[in-house]
Protein chains: 2
Amino acid sequence: MARILIIEDEQDLAGLVDYNLRAAGFETDTANTGAGGLARARAHPPDLVLLDLMLPDVAGGEVLRMLKSDPEMKKAAVVIVSAKGQEADRIQGLELGADDYVVKPFSVRELLLRVKAVLRRADAEEGPAAVLAAGDISLDTSRHQVRVKGEEVILTALEFRLLRTLLERSDRVQTREVLLSDVWGIQAEIHTRTVDTHIKRLREKLGPAGDIIETVRGVGYKLSPP
Amino acid sequence: MARILIIEDEQDLAGLVDYNLRAAGFETDTANTGAGGLARARAHPPDLVLLDLMLPDVAGGEVLRMLKSDPEMKKAAVVIVSAKGQEADRIQGLELGADDYVVKPFSVRELLLRVKAVLRRADAEEGPAAVLAAGDISLDTSRHQVRVKGEEVILTALEFRLLRTLLERSDRVQTREVLLSDVWGIQAEIHTRTVDTHIKRLREKLGPAGDIIETVRGVGYKLSPP
DNA sequence: GCGCTCGGGACATCCATGTGACATCCATGC
DNA sequence: GCATGGATGTCACATGGATGTCCCGAGCGC
């Protein structure tokens, strides 16, 4: 079973997470500072790092950067844990190469789901098929690459995530709330044009193939392969 | 819509929460003691339990343990409600298998968001099979898609909700008032042709299959499968 | 400083929806 | 069988809400 490194300064929370991950059959390791976490990671490269962005010593973002710059530790998937409201962190984390994030306070079930999902993806990538496809679009999760009719299309981290979410749930309608929650990590009602704007950008970049992202008026969006 | 059981000893708070959950379209049930709550849960297994940890009789944690140990009630998601600062409760609650946690005083909005998020997650975990059918008509909730003899029929959001409501209550007559309340969310007497108009549009779009929507003169409408 | 990304306000646009008027149907009483 | 009144079917249209689109400011890496 997979090795998970928890870098978190709140002892209570770290203990809780540790307990539950072990109960779910993972091997765990914990550190309560950024420096300590990096040391642990070097000593025993984990499969996944649970990283709190608010650490007493180093900034979480810095830890993430270090992790990703070391060829040995680079393979580890990273799930960001951040306090509610710090949305800038979230974006930044994703741009730096985090694989997912959960917002505090989170439920254990949610955390486990996300951890398992990330590990599953990481697993699948090692195999031959880490490619999601629909119509003319193919998305390679391991290379972080999208092609339309074989032509590469450059997407931002957020756009990639949005497209992947839609592809993983092909044919099922996703409400704006669900997308905000699963792609953005925000739990909120909608008053803004955020989702729409990014859907628009995605459609634009995908060109004619973007038509497979359907608007379901009054409900949300749906990707439906031909 | 989902069933929610509220176990809370403060009458005012219970009433407020109850009112708002109902307004949001949930079915609710309330109990103001732990023992009472367990009894209600046994009688009508809920989809989600809102559990106050500070109860007059049994400790909330004990209630949670009992809930989770009964195979029938185990399926219910649990959201803990507890006074601020009781960090220990939080840890304990989540370890015992609660799905989320709300700290008093909380805003109704926040509670609703969390309840919805938890239910959404629980839903996603169960199979995707959410297809209602009657005669030549089949309705797929997650895809938001309706087919008549395999042919897709495009419905608006409202028409879809109307058809789903009728399908869920096949063979039982629905008065216009009930439909207005459950499909439209309006509580009113009828002076307008609203329901009739939409029934008409639905029949039209369904073609010959639309005949299974029967008019029960003087009462309302009924969907009766052959 | 420049360029990129993202959020979200301010419109423009579109179409689903509610409504009242009228047509039609049907149960009822004679 | 027939007249009658109330219930239901049908229609056209305005209106508001939902979505598409544009654009600007903020934040960040280089």
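Start at R217(B) in this predicted model: a polar side-chain atom of R217(B) sits 3.2 Å from a base nitrogen of DNA strand D.

Next, select K200(B) and display its side chain. One of its N or O atoms is 2.9 Å from a phosphate oxygen of DNA strand D. Do the same for R203(B), where a side-chain N or O atom also lies 2.9 Å from a phosphate oxygen of that strand.

Now select every residue with a heavy atom within 4 Å of DNA strand D. There are 26 residues around the strand, and those that come nearest are T215(A), Y221(A), T215(B), G218(B) and Y221(B). By residue type, this surface divides into 14 charged, six polar and six nonpolar. Colour by secondary structure: α8 (194–206) and β11 (213–216) of chain A, and α8 (194–206) and β11 (213–216) of chain B, each contribute at least two residues to the surface. On the DNA side, 58% of the strand D atoms within 4 Å of the protein are sugar or phosphate atoms, and the rest belong to bases.

Leave the DNA and go to strand β1 (residues 3–7) of chain A, where five of five residues are buried. R3(A), L5(A) and I7(A) are on one side, I4(A) and I6(A) on the other, and both faces are covered.

Add strand β2 (residues 27–31) of chain A, which pairs with β1(A) in the parallel sense over five bridges. Here R3(A) has E27(A) as its bridge partner. To follow the chain from β1(A) to β2(A), trace helix α1 (residues 11–23) of chain A; this β-α-β crossover is right-handed.

Finish with strand β3 (residues 48–52) of chain A, parallel to β1(A) and joined to it by four bridges. In β3(A), L51(A) is the bridge partner of I7(A).

Technical notes. Residues are numbered from 1 along each chain as its sequence is written. Chains are lettered from A and ligands numbered from 1 in the order in which they are written. This is a predicted model: local features need pLDDT of at least 70, side-chain atom pairs count only at pLDDT 80 or more; totals for chains, interfaces and linings use all residues. Side-chain values use heavy atoms; hydrogens and water are left out. Buried means under 20% relative accessible area, exposed over 50%, partly exposed in between (1.4 Å probe, protein chains only). Two strands pair if DSSP finds at least two bridges between them. A crossover is right-handed if, with the strands pointing away from the viewer, the path from the first strand over the helix to the second runs clockwise. A polar contact is a pair of N or O atoms within 3.5 Å; within protein, one must be able to donate a hydrogen and the other to accept it, and residues adjacent in sequence count only if both atoms are side-chain atoms. Ala, Val, Leu, Ile, Met, Phe, Trp, Tyr, Cys and Pro count as nonpolar, Asp, Glu, Lys and Arg as charged, and the others, Gly among them, as polar.
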